[in-house]
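Work through the exercises below with the sequence and model at hand. Try each task before reading its solution.

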Amino acid sequence: MRRTWTRTGLLLCALLAGLLPLTSATAADPAPEPAPAERAAADEAPGTYTNPVTDGVVDTFPDPVTIRGKDGYWYAYGTMNPVFQSDGEQHERMLPILRSADLVDWEYAGEVFTPGTQPAWHRGSRLWAPDIRYNDGHYTLSYSVPGRNTVGAATAPTPTGPWTDTGPVLPTPSGCPTGGIDQAQFTDRDGRTYLYWGSYDILCVAEMNAERTRITGEVTQVAQGRRMEGAFVVRRDGFYYLFYSDAGCCDGAYSGYQVKAGRSTSPTGPFRDDEGVDLMAPTSKGAVVVGANGNRWIGPGHNGLATDLAGQDWLMYHGIPADNPDLDRFPGLDRQLTRRPMLMDRLDWIDGWPVVRAGAGASEGPQRAPVTDWDAGGTFAGGSLDGWRAEGAGTGGWSLADDADSGPYATHRGATDPAFLVTGEAAPRDLRAEADLRVASAGGAAGLTVAYRDPRNHTIAWLDRARGALVTDVVVRGRSRGERVTPLPASYDWDSWHNVTAEVRRGRMTVEVSGDRLRDAVAVQERRLPGAATRPGAVGTAARGDGAAADNVGAARLYEPVTERVLEPATGRLLPGHSDEFTAGAVPGTEPGSPWRWLRGPAPGVRTEDGDLVWPTQNAELYLRNNTASVLLRDAPEGDYTVTAKLDFDPAEPNQQAGLLLYADDDKYVKMTHSVLPLNRGGGTVLDVSEFAKEGARPTTSPPTPVANAPMFGGPTADRMWLRLSYHHDAGTGERGEHEVRAATSRDGRTWVHSGVWTLPGDERLRIGLVSMNREGAVAKFDYVRTHRTR
């Protein structure tokens with residue numbers, strides 16, 4: 001069984017949370033992964049899922065994004081890849097599409113382009129990283145065209161096509177110094193739409209034209225970081241959240257990809273991480289959303305977002321299976337492709353920041369599934385109004401219509417007073433209700449009604465075309481408790497579908513209007529409800545005037561948010577025999593009886609001074625076959641431990657680095673260093689980063705060849721840093737177990753940014769080490785190395 005990085009007591013609580021319904025608003029459920037027999041049983045149980053959710057459907061599905069179509073299904077779109085390689089398929093699918101009724105069981109639904117329909121302007125280029133939106137009555141899918149260093153777009157009346165090419169979205173040059181890929185749209189409250197894009201290593205944003213086919217106006221750089229890409233923006237509680245991935249998506253078992261976030265009060269920034277560091281600052285960043293956690297999933301990243309019918313958000317992303325990280329070599333491609341199936345996990349918002357499973361990371365065993373069935377309501381897919389009742393004015397005016405996208409839907413004509421179509425079931429008191437609404441007549445209105453008991457007692461959210469606004473009203477005993485009016489953007493398309501949601505939690509109602517349920521509402525309204533308006537009642541739709549239409553109308557019990565993170569590794573008892581304050585005077589490893597030993601040392605210029613180990617950076621490497629750097633080593637304790645180094649370091653040149661190792665040999669180690677690295681396309685810009693990397697061997701070669709990974713990047717740096725590695729031996733993995741090492745950094749010794757987990761084969765003991773290397777000219781000062789038991 002894999003161990004999650006939590007305390008024993010929390011593991012017990014998490015286990016209980018996996019067995020019992022989640023009823024506490026503060027309960028997190030990072031349950032330990034079950035044994036294979038338990039996993040097989042849970043896979044067959046209703047209400048659970050196991051990652052990858054695309055298992056048995058496609059072999060790989062990189063860079064996934066999802067949308068709920070107006071037909072009530074969820075659709076996922078992925079990067080061009082050989083998705084059916086296990087069936088012997090010898091070509092790639094161009095932007096493959098999957099479909100699901102419940103976000104758990106998926107089926108193949110086609111591809112955006114085929115070799116015969118691929119637009120001539122990018123024929124011959126591979127197509128990456130799609131983004132999907134619904135606006136103005138059609139779906140717009142944008143995608144990366146790396147062969148042209150730009151972004152393309154296509155529109156369709158349904159989620160599966162037919163697709164009409166609209167050409168390149170970015171001009172040449174685009175105005176952003178980085179790669180023209182990994183784009184995503186976002187629509188703001190005023191109706192203006194923005195495009196975010198960029199890869200390796202700067203992210204940019206620009207406003208789009210009204211048709212959402214080209215960028216217009218000023219290009220603004222909003223974030224920079226080593227191998228930063230995959231921007232995806234949502235709005236929540238007054239903030240714009242920019243999700244992004246960094247550290248390299250596609251290096252097989254050595255991929256350091258992870259998702260991070262920054263937030264802003266403007267769609268164009270500045271975005272800051274959870275320590276207030278500007279994402280444009282020349283340093284690595286915190287606010288980790290998900291990273292590797294030591295189970296089978298490596299390099300989780302490139303996310304989209306889905307919201308279930310209970311209002312719970314889910315991160316849709318890809319991960320690399322440690323036991324099978326690479327696809328077979330594919331004819332016509334000159335490089336190995338990494339296997340990246342689609343994963344899904346609960347996205348919690350804790351203290352204003354998004355994090356997967358309260359910080360437990362990507363899941364491996366059975367998990368509680370999203371809510372995809374309403375307690376009350378339906379989709380009209382059966383082609384009748386059975387189960388619905390008409391009340392109020394014009395009860396005979398309801399009928400069914402049909403279109404290619406939504407299928408059957410309800411429509412009403414002829415009433416000037418509200419006409420209601422409601423369910424027979426009562427909705428819960430705390431609920432999330434929603435409907436797709438459309439208003440075709442200039443004087444009409446379509447509404448979502450909540451807690452409906454009769455025409456004299458109801459709460460309703462109107463899309464009122466005559467007033468150009470979202471209007472909410474609470475009627476008790478036939479008397480309105482006061483309307484609230486929120487204008488909709490001037491660009492609002494009344495003739496197309498819009499999604500209206502109403503969440504009621506403990507007497508407070510929040511209503512949102514959006515095109516596609518992707519947390520980009522064009523109108524939001526909050527109001528306190530009187531007690532009489534919160535009693536359970538039916539859910540339904542309402543109409544005034546002609547041309548009101550509704551589909552996908554229902555309500556489910558509102559989710560209970562997780563409000564506390566899982567506990568991170570913490571230090572317990574100090575182990576003096578494996579620690580050093582560097583106060584002895586002699587250089588460690590040079591005096592008789594020293595617990596330290598030098599490999600290729602002592603390093604030139606190393607000394608002790610005022611209680612510090614002072615070590616000038618060497619012009620030497622510890623990288624692949626170039627192993628020339630000095631390493632200062634000592635034995636590590638048995639069992640689990642955490643080693644911390646306090647380091648003063650002010651590097652100025654690319655590749656200068658100093659820090660902490662857990663070391664088996666020159667080709668098998670993990671390191672956490674304060675490093676300076678150049679941006680790939682930064683025009684000479686360098687970044688100060690906390691670099692969590694490993695080196696190992698690729699076992700498929702004979703003899704095994706050393707491989708260095710694309711590192712994970714930890715939190716922001718400072719001249720004085722605390723670097724930390726927490727070690728655990730997982731005896732249940734492989735013949736001799738597995739070393740699991742998690743990194744953390746701090747700028748004050750109290751507040752820590754925890755990175756992901758690197759693993760190494762457990763056939764050799766690891767030793768504690770220090771390095772100061774790569775390029776001369778900087779000086780590292782180690783104040784201490786302290787080793788504690790991990791608790």
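**Exercise 1.** Place S726 in its element, then say whether S726 is buried or exposed.

Solution. Step one: S726 sits in strand β52, residues 720–730. Strands (E, at least two residues) and helices (H or I, at least four) are DSSP runs numbered from the N terminus. Step two: S726 is buried, at a relative accessible area of 4%. Buried means under 20%, exposed over 50%, and partly exposed in between, with a 1.4 Å probe and protein chains only. Step three: the side chain of S726 makes a polar contact of 2.9 Å with that of T642. Such a contact is a pair of N or O atoms within 3.5 Å; within protein, one must be able to donate a hydrogen and the other to accept it, and residues adjacent in sequence count only if both atoms are side-chain atoms.

Two notes on the source apply throughout. The model is predicted: local features need pLDDT of at least 70 and side-chain atom pairs pLDDT 80 or more, while totals for chains, interfaces and linings use all residues. Residues are numbered from 1 along each chain as its sequence is written, and side-chain values use heavy atoms, with hydrogens and water left out.

**Exercise 2.** How many disulfides are there, and which pattern do they follow?

Solution. Step one: apply the rule, a pair of cysteine sulfur atoms within 2.5 Å. The count is two. Step two: with bonded cysteines counted along the chain, the pattern is 1-2, 3-4.

**Exercise 3.** Describe the link of C176 and C204.

Solution. Step one: the sulfur atoms are 2.0 Å apart. Step two: the angle about the S-S bond is 80°, and the link of C176 and C204 is right-handed. Step three: C176 lies in the loop between β9 (164–168) and β10 (184–187), and C204 in strand β12 (residues 202–208), so the disulfide ties together parts 28 residues apart in sequence. Step four: check burial. C176 is buried at 9% relative accessible area. C204 is buried too, at 0%.

**Exercise 4.** Now take C249 and C250: what is the handedness of their link?

Solution. Step one: a disulfide joins C249 to C250, with S to S at 1.9 Å. Step two: at -80° about the S-S bond, the link of C249 and C250 is left-handed. Step three: C249 is buried, with a relative accessible area of 12%. C250 is partly exposed, at 25%.
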